Amino acid sequence: MVDRRTILVSSVQACGLAALASGGYITANYLAPIPEGLGEEEVEIPAERLKPGQGVQVVHKGKPTLIIRDREGELHALTAVCTHLGCLVKWNEDAERIECPCHDATFALDGTVLGGPAPKPLPKVPVGVKEGMIQLGEKT
Ligand code: FES
């Protein structure tokens, strides 16, 4: 017969194993390199959708990419992968800068490093508008 103590210990062990497994899965996904060149599709977004000061994250040719329209209306596009350890960066509309949530690197609209541990600027991606649609890549 199984006593309550055995059931309790088994339950705690099962929960611990589940926590370890899920933590390992999350860690593996976090550290895995972002696949490159998964698609050759063109990203097309209606130009009027992005208002001055706003940014949007898309996947362009398999790479996370930030498209930002500055307050003057000019478009900027940059690879959205931090040059420190590869976290996804985000556009902070209020601060008007790009920020990495992992170790607080900050970047200007042109990708230059403003602060934090990032060793290099964010690479720029060609961006333009064709027939009312935002387009990324060499066709712009
Ligand atoms: S990964 Fe972005 S600051 Fe470390």
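**Exercises on a predicted model**

In this predicted model, residues 22-40 have pLDDT that stays under 50 throughout, and the model gives this stretch 13 contacts beyond four places in sequence. Where pLDDT is low, the predicted coordinates should not be read in detail. Across the protein, the mean pLDDT is 81, and 69% of the residues reach 70 or more.

**Exercise 1.** Determine where K63 is found and whether K63 counts as buried, partly exposed or exposed.

*Solution.* Begin with the secondary structure, in which K63 belongs to strand β3, a strand that covers residues 63-69. Next, take the count of C-beta neighbours inside 10 Å, which is 19 for K63. A residue is buried at 20 or more and exposed at 12 or fewer, so K63, with its 19 neighbours, counts as partly exposed. Finally, look at a partner distant in sequence: T79 is 16 residues away from K63 along the chain, yet the two C-alpha atoms are 7.0 Å apart in space.

**Exercise 2.** Describe the backbone, the location and the exposure of K61.

*Solution.* The backbone comes first: K61 is not a glycine, but its phi is positive, at about 50°. As to location, K61 sits in the loop that joins β2 (55-60) to β3. For exposure, K61 counts as partly exposed because it has 16 C-beta neighbours inside 10 Å.

**Exercise 3.** Carry out the same steps for E96.

*Solution.* E96, although not a glycine, has a positive phi of about 55°. The loop that holds E96 lies between β5 (90-92) and β6 (97-99). Because 14 other C-beta atoms lie within 10 Å, E96 is partly exposed.

Methods:
Residues numbered from 1 in each chain as written. Predicted model: local features only at pLDDT ≥ 70, side-chain atom pairs only at ≥ 80, totals over all residues. Helix = DSSP H or I, 4+ residues; strand = E, 2+ residues; numbered from the N terminus. pLDDT = per-residue confidence, 0-100. Contact = placed C-beta atoms within 7 Å.
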